[in-house]
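Subject: The structure I promised you

Hi,

Here is the structure we talked about, ready for you to open and turn around on your screen. Please keep it in view while you read, since my notes follow below.

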Amino acid sequence: MKKGIVVRLYPTKEQIDLIIKSFGCARFIYNTLLDYAKENKEYNRFRLQKQITLLRNDYPFLNEVDKFSLQNACKNLSEGFRNHFQKRASFPHYKSKKKSKRTYQTNMTNGNISFNDGYIKLPKLGLVKCSSNYVDSNNKIINVTITQNLDGKFYASIIYDTDIIPLPKTGKEIGIDLGTRKLITTSEGIKYHLPKNAFKLEKRCRREHRRLSRRNKDSKRYEKQRIILSKVYQRRKNIIQDNLHKFSYSLVKENDVIYMEDLDIKQLLQIQDNKKKKNKMIISSLGKLVSLLTYKANMYDKQICKIDRYYASSQICSRCQRRHDVGESEKYICPCCGLNIDRDINAAINIRNHAKLSFNL
């Protein structure tokens, strides 16, 4: 199956200039072909791609960059047209130099991409120093996407074909309750929280935002403060993603079947008060966590079962199955059987039991 990794790049000054030029050329091709498509009502990818040869004759600077970066810009535009006509997205917009993401993609052909002792070989760029030699020589690289983040750092996202060995079966099944205060609570009583330093960095982000708002947009101090803010945001994102990957892998490795609710993340974000930044961060992380659990379960031959989102898991007693609303209390105390249990653990147990009955497992 296809798998991807991201490595940090440490290009030289000459390589940085060529990478930035590649960003600009890919954006130029995208916008020029979008103009051509609007005027001629031509949306076919291969007919649009023929225009690249004519543009390279008219604009010699296009010959200085990797040809695949131009072809993939055309491919992305044609995918945008297809998504629009199939009513999955709006009509493609022009790419802005300031607002659009700085990125381009190159393809693997005739060994033009390879790893070599902490360096990655890329078309036109040659050997670029990278963070580590991740990809095994037995894996077939498909393409590489070069990206520059807002903090100025360069990264390479590598997609390659590899053989995945399924994780051993454990015979365990678990129910998980996804919450707005605690990230995950399992039916076994284990709770997963986002790290405290992520919330500390959220406060720092707000502080750096206030400093940025007092700067003149055309000044050097504004640009300097923007980079500081971007680094704080990237640091917070890395911490959250690292923990989500560890949580999801731990759940998939230790259990064969995972039961959860089918939550509507967008609706949860809308009903949250604007002042509750902590809850919003947790809810946003839930969407990412569900995606990670889903693809890792498929990758390692495990199973994900989702129950109806409107099932009242937190209001039903896991022992006697009587319904009792405990409001905002952290404890669930059943008035019928006297069960005293954490409400999130009670909900996780109910999710597991209800899913077993629903899916006949």
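Before the pockets, one term: the helices and strands named here are DSSP runs, a helix having at least four residues and a strand at least two, and they are numbered from the N terminus. Please also keep in mind that this is a predicted model.

**The two largest pockets**

Rolling a probe the size of a water molecule over the atoms shows where empty space is left. Let me take the second largest pocket before the largest.

The second largest pocket has a volume of about 910 Å³. It is lined by 30 residues, and L178, T180, L263, L268 and S314 are the closest to its centre. Which elements supply at least two residues each to this lining? They are β8, α6, α7 and α8. Sorted by class, the lining of the second largest pocket holds nine nonpolar, ten polar and eleven charged residues.

The largest pocket has a volume of about 2100 Å³. Among the 49 residues lining it, those closest to its centre are K101, T147, N149, Q234 and K237. Two or more lining residues come from each of β1 (2-10), β6 (140-148), β7 (154-161), α5 and α7 (277-299). Helix α5 gives the largest share of this lining, 15 residues. By class, the lining of the largest pocket has 18 nonpolar, 13 polar and 18 charged residues.

**Strand β6 and its partners**

β6 helps to line the largest pocket, and it is worth a look of its own. Of the nine residues in β6, seven are buried, so the strand is mostly covered. On one side, strand β2 (residues 102-107) runs antiparallel to β6, and six bridges join the two. β7 is also antiparallel to β6, with eight bridges between them.

Try finding V144 in β6. V144 is the bridge partner of T106, and V144 also has a bridge partner in β7, namely I158. The hairpin of β6 and β7 has five residues between the strands, and there G152 takes a positive phi near 90 degrees.

**Salt bridges**

Side chains of opposite charge can pair when their charged atoms come close. The cut-off used here is 4 Å between a side-chain nitrogen of Lys or Arg and a carboxyl oxygen of Asp or Glu, and by this rule there are 17 salt bridges. Here are three of them to look up.

Start with K182 and E330, which form a salt bridge whose closest N and O atoms are 3.4 Å apart. Why does this pair tie together parts that are far along the chain from each other, 148 residues apart in sequence? Because K182 lies in the loop between β8 (173-178) and β9 (184-186), while E330 lies in the loop between β12 (303-307) and β13 (331-333). K182 is buried, at 13% relative accessibility, whereas E330 is partly exposed, at 36%. Both residues also belong to a network of salt bridges that links K182, K191, E330, D342 and D344.

Next come D262 and R309, whose side chains meet in a salt bridge at 3.6 Å, N to O. D262 sits in the loop between β11 (257-261) and α6 (265-271), and R309 in the loop between β12 and β13, so this pair ties together parts 47 residues apart in sequence. D262 is partly exposed, with a relative accessible area of 31%, and R309 is partly exposed with a relative accessible area of 31%.

The third pair is K246 and D242, joined by a salt bridge of 3.1 Å, N to O. These two residues are in helix α5 (residues 220-254), four residues apart, which means that about one helical turn separates them. Is K246 buried or exposed? K246 is exposed, at 51% relative accessibility, while D242 is partly exposed, at 36%.

**One buried residue**

Finally, have a look at N350 in helix α8 (residues 343-359). N350 counts as buried, because its relative accessibility is 1% and the cut-off for buried is under 20%. Leaving aside residues up to four places away in sequence, N350 touches Y311, S313, I316, C317, S318 and Q321.

Enjoy exploring, and write back with any questions.

Best wishes

Conventions
Residues are numbered from 1 along each chain as its sequence is written. This is a predicted model: local features need pLDDT of at least 70, side-chain atom pairs count only at pLDDT 80 or more; totals for chains, interfaces and linings use all residues. Side-chain values use heavy atoms; hydrogens and water are left out. Buried means under 20% relative accessible area, exposed over 50%, partly exposed in between (1.4 Å probe, protein chains only). Contact means heavy atoms within 4.5 Å. On a 1 Å grid over the protein atoms alone, a cavity is a set of points where a 1.4 Å probe fits but cannot get out, and a pocket is an open set with protein on both sides within 12 Å along at least five of seven lines; lining residues have an atom within 4 Å of a point. Grid points are joined across faces, edges and corners, and a volume is the space filled by probe spheres set on the points. Ala, Val, Leu, Ile, Met, Phe, Trp, Tyr, Cys and Pro count as nonpolar, Asp, Glu, Lys and Arg as charged, and the others, Gly among them, as polar. Two strands pair if DSSP finds at least two bridges between them.
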